[in-house]
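Work through the exercises below with the model open. Try each task before you read its solution.

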Amino acid sequence: QLRYSVPEDREPGSSVGDLAKDLGVEVGSLAARKLRLVSEGGQRHFQVDLAAGVLLLDSRLDREALCGQSPTCSLHLQLVMENPLQLHRVEVDVLDVNDNAPQFPKPEVVLEITEVANPGTRLPLEVAEDPDMGSNSISTYELSPSEHFTLSINVRGDGVKMPEIVLEKALDRERVAVHHLTLTALDGGNPVKSGTVKVTIHVLDANDNPPVCDPPISTVYLKENMPVGTLVTKLNVTDLDEGPNRDVEYSFKISNNAPGKFTKLFSLDPRTGEIRTKGPLDYEESSAYEIVVRARDKGSPAMEGHCHLRVELIDVNDNSPEIVLTSLSSPVPEDATLGTVIALIGVKDSDSGDNGQVHLQIAKELPFKLVSSFKEHFSLVTNGPLDREKASGYNITVRAMDSGSPQRATQKTFYLRIADVNDNAPNFSNPFDTAHVQENALPGTSVFSVSASDPDEGSNAKLSYSILHNGMQDVPISTYFRIDQDNGTIYTVRALDYEQDKVFQVPVEVKDAGSPALSSTAVVHVFVLDENDNAPTIVYPSVPKGSAFHQTIPALAEPGYLVTKIVAIDADSGHNAWLSYQLQENAEALPFQVERRSGEIRVAQTLRESEDPHRLVVEVRDNGTPSLSASVVLVISPEENHVQDFSKSLDLPKSSPKDTNLTLYLIISLVSISLV
């Protein structure tokens, strides 16, 4: 058996041993004897150089891969030669070379130690690994300098060195929370190789610090109209501890002296410390809120701090003015004097400052004005004349506006009724009216209806009519006419006679029922319309009824000779008094004719000698409907040597004073009709 040794770091092709020499065989015979190498493993690490008779490395050897942590590392080979057949065993020791540096399992080690740990506390560390063996393996450990920690190395029973970190000085996590060290493992090789690991030591917190509010007392200004859920503030609380000792829970602190009304309006997030609104805020209900928040950590024992927060609300113009009608005097008489108090009005606005300053106004065209009585109270007084007949009432709109921005306003409308005063006299539609009535109309006949109006109302507008006595007629006018006091219709009291009275002036008075009563008058001219109720009257010749008028004429009277003239009158007027004259028809033809309009009787044809007297019936007829007439009988006797007495024949009656009055009345009637 041959034994060789070779360092693991030899290059392939390096000589391991001289086989020919060690086997005592000639180099030249190795080929003939077919020397060959048979490896015991599946891998070939060596080869035989038959020409030189030496054993060569076929590949680089890695002792750590071949033998691991075994103290010895040997490879076993078999050499076979023929002629004669021989088997030789070769053992090659692979020598360790310091080709591996110490290596820790992890590049970084994290350790934890409580900040209240006592000095001397040990923190075990993981050992480093070095595949090399012997002196090339790990020799010692070194720790980077530290104020608080040192290194201690213990040796196990198997000779492995165990590093430990020892606490030399008390820790304070709030001052240094993490310590960073470097642990170095050194082997015994030459040159020395080393491996390092970063050691991070976290100082575990102890609950030795309470939560602290920054600032401990704060003030937040918030508008009152902010929507629900608005962030009021987020508390700034710090706790120098960590972990559960640093986790802070927030809650409202409510004391008996400070009832927690604010809890209905504000919400508190127990984790984040955010305070938000959860109800509508109203400045008018409360202008500020004092809130105390408890900040409590989760340490054991738990520690707590307190945050004092004052929430001051900023008034927003969110309330409209309110109008209160304290008193209203309605109706008010239309003759009320200037400055009469109509209503008392109060206003209020729940806002403050300019938002609560209220101004009132009404329409300028109204006959009223607002007078400030005292703060937030106003009087509505008359500022002009009132006239119920022009305006029976007023819709008064009072508008209240505050001084906020944006401005808010409200309005209130109420109705003021104006009471009537009897300040208007009745008024006829026409102060002069004309009416006509037939002269023989039955008593009670409606003649005319007067109409008056009064712009007042109620009893002040209740009218009554009456006829006044004007003294123009000899007989009181009330004996001819009466008037319905309610509707103003004028009726006749008796039948009227045109021939006696042709026109009447009827003064009518209308009076209201006010106090004092007011009145006015109108004149109604009633014209009596003539009827054909009078037959013509023959005034010449005047003969008794049933007698005849005898008239003599010359026997030789020529045609055209005026025999006589019939004179008649008619008490009627107009067409009823237009008279016409005619001869009644006779069986024999008469030598006379009558002028139709003048009533003159003339000779129509030459008379014969010794003619008998002629009897003529002259009829006088008016133009009325129906026509009335009168007649006279004339006996005309022709005589010789007759001299006509014209003075007698033409002796007409003089007009009487009554006829003169009749003419005057006719003139007055015509003038009045023309004026109307």
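Helices (H or I, at least four residues) and strands (E, at least two) are DSSP runs, numbered from the N terminus. This is a predicted model, where local features need pLDDT of at least 70, side-chain atom pairs count only at pLDDT 80 or more, and totals for chains, interfaces and linings use all residues. Residues are numbered from 1 along each chain as its sequence is written, and side-chain values use heavy atoms, with hydrogens and water left out.

**Exercise 1. Place D351 and describe its surroundings.**

Step 1: locate the residue. D351 sits in the loop between β26 (341-348) and β27 (358-361).

Step 2: check burial and charge. Buried means under 20% relative accessible area, exposed over 50%, partly exposed in between (1.4 Å probe, protein chains only). Lys and Arg count as positive, Asp and Glu as negative; His and the chain ends are not counted. A salt bridge needs a side-chain nitrogen of Lys or Arg within 4 Å of a carboxyl oxygen of Asp or Glu. D351 is buried but has no salt bridge. R408, the nearest side chain of opposite charge, is 5.8 Å away.

Step 3: list the contacts (heavy atoms within 4.5 Å). Leaving out residues up to four places away in sequence, D351 touches E224, E284, D315, V316, N317, D318, N319 and G356.

**Exercise 2. Which residues touch the most other members of the largest nonpolar core?**

Step 1: define the set. A nonpolar core is a set of buried Ala, Val, Leu, Ile, Met, Phe, Trp, Tyr and Cys residues joined through side-chain atoms within 4.5 Å.

Step 2: find the best-connected members. Of 25 residues, I553, V563, I566, F592, I601 and V603 touch the most other members.

Step 3: assign strands. At least two residues each come from several strands, including β42 (548-554), β47 (600-603) and β49 (629-639). The largest share, 4 residues, is supplied by β49.

Step 4: look for another core. Apart from this core lies one of 24 residues, among them Y465, Y480, F481 and V524.

**Exercise 3. Find the cis peptide bonds at P191 and P406, and place each proline.**

Step 1: N190 and P191 are joined by a cis peptide bond, with omega about 5°. P191 is in the loop between β13 (178-187) and β14 (194-204).

Step 2: the cis bond between S405 and P406 has omega of about 0°. P406 belongs to the loop between β30 (393-402) and β31 (409-419).

**Exercise 4. Is E376 buried, exposed or partly exposed, and where does it lie?**

Step 1: E376 is in the loop between β28 (368-374) and β29 (377-382).

Step 2: E376 counts as partly exposed because its relative accessibility is 34%.
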